[in-house]
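Here are my comments on the model you asked me to look over. They are written to be read beside the coordinates.

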Amino acid sequence: MRVLLTVLVLAAAAGCAANPAPLSSVPSGWSEEGEASWYGPGFHGRRTASGEVYDMEAMTAAHRRLPFGTRVEVRNLDNGRRTVVRINDRGPFAGGRILDLSRAAARELGVIGPGVSRVRLTLAERSPLESCSRVQIGAFADESNARGLAGRARRAGEPATVERGADGLHRVVLGPYDDPVRAERIRARYGGIVRPCP
């Protein structure tokens, strides 16, 4: 009986170590190194841990601790390729791995063939879950180009504004959105980046 109790306690402790509590926020300068794998057809169309439907052709990934919506730059240390992914799921649960890439992200990083690669993760953008978000869909030196894109977005029903930055560029920004899933859908439709509200 004592041996069985010891085994159960050790198994529970191992489970807790394998599933650490998610971070509420990511500190500046955060980075992590380890192995990345990928997951695809068997999970396509299923719900992720964030509640979003998994799309293996979207630039997303699973991480055990990063807040959903966090964007990280992933550098493949085996071949030097880089990309940015958005965290929308939990995992991986195989020992030693720190990231599970979507098929699209794995393809971009050259991980499809080998299946597993050494990577370095660095924070690219904090999760929009921490505040409202807007979607920047373009930046133009010519203001008329920016106004044209904003007009097309407005005709499609999106709240669009043109903002002139200190660098002289005219940025087309949609939003604000208080639903990160909607903001990500807009970003996927128009391209661009999700930015926190000022």
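The points below go from the overall chain to the pocket, and then to single residues.

1. Status and make-up. This is a predicted model. The protein chain has four helices and 10 strands. Along the sequence the order is α-β-β-β-β-β-α-β-β-α-β-β-α-β.

2. Burial and surface. The chain has 198 residues, and 39% of them count as buried. Its accessible surface is about 10,600 Å². Carbon and sulfur atoms hold 54% of that surface.

3. Contact range. Take the contacts in the chain with a separation of 6 or more. Residues 24 or more positions apart make up 72% of them.

4. The largest pocket. Its volume is about 250 Å³. It is lined by 14 residues, and those closest to its centre are Glu52, Val53, Arg86, Glu184 and Arg185. By class, the lining holds seven charged, five nonpolar and two polar residues.

5. Where the lining comes from. Which element gives the largest share of the lining? Helix H4 does, with five residues. H4 spans 180-190, and strand S4 spans 82-89; each supplies at least two lining residues.

6. Arg86. This residue sits in strand S4 and is among those closest to the pocket centre. Is Arg86 buried or exposed? Its relative accessible area is 7%, so Arg86 counts as buried, the cut-off being under 20%. Its side chain makes a polar contact of 3.1 Å with the side chain of Glu184. Glu184 is also among the residues closest to the pocket centre. Leaving out residues up to four places away in sequence, Arg86 touches Glu52, Met59, Thr60, Ala61, Gly69, Thr70, Arg71 and Glu184.

7. His63. This one belongs to the loop between strands S2 (60-62) and S3 (71-76). His63 is buried because its relative accessible area is 5%, against a cut-off of under 20%. A polar atom of its side chain lies 2.9 Å from the backbone nitrogen of Arg65. How far apart are the C-alpha atoms of His63 and Leu99? They are separated by 5.2 Å, with the two positions 36 residues apart along the chain as the offset. Beyond four places in sequence, the residues His63 touches include Trp30, Glu32, Ile87, Asp89, Ile98, Leu99 and Leu121. Arg90 and Gly91 are also among them.

8. Thr48. Look for it in the loop between strand S1 (31-38) and S2. Thr48 has 8% relative accessibility and therefore counts as buried, again with the cut-off at under 20%. Its side chain makes a polar contact of 2.8 Å with the side chain of Ser50. Setting aside neighbours within four places in sequence, Thr48 is in contact with Val53, Tyr54, Asn88 and Asp89. Val53 is one of the residues closest to the pocket centre. Asp89 is also touched by His63.

9. Cis peptide bonds. Most peptide bonds are trans. Which residues does a cis bond join here? One such bond joins Gly91 and Pro92, with omega about -5°. Pro92 is in the loop between S4 and strand S5 (97-101). Gly91 is among the residues that His63 touches. A cis bond also joins Gly175 and Pro176, with omega about 15°. Pro176 lies in strand S9, residues 170-177. Please check both bonds by eye.

Methods. Residues numbered from 1 in each chain as written. Predicted model: local features only at pLDDT ≥ 70, side-chain atom pairs only at ≥ 80, totals over all residues. Heavy atoms only, no water. 1 Å grid on protein atoms, 1.4 Å probe; cavity = no way out; pocket = protein on both sides within 12 Å on 5 of 7 lines; lining within 4 Å. Points joined across faces, edges and corners; volume = space filled by probe spheres on them. Nonpolar A, V, L, I, M, F, W, Y, C, P; charged D, E, K, R; others polar. Buried < 20%, exposed > 50% of the residue type's maximum accessible area, 1.4 Å probe, protein only. Contact = heavy atoms within 4.5 Å. Areas by Shrake-Rupley, 256 points an atom, 1.4 Å probe, with all protein chains shown as cover. Polar contact = N/O pair within 3.5 Å; in protein donor to acceptor, adjacent residues only side chain to side chain.
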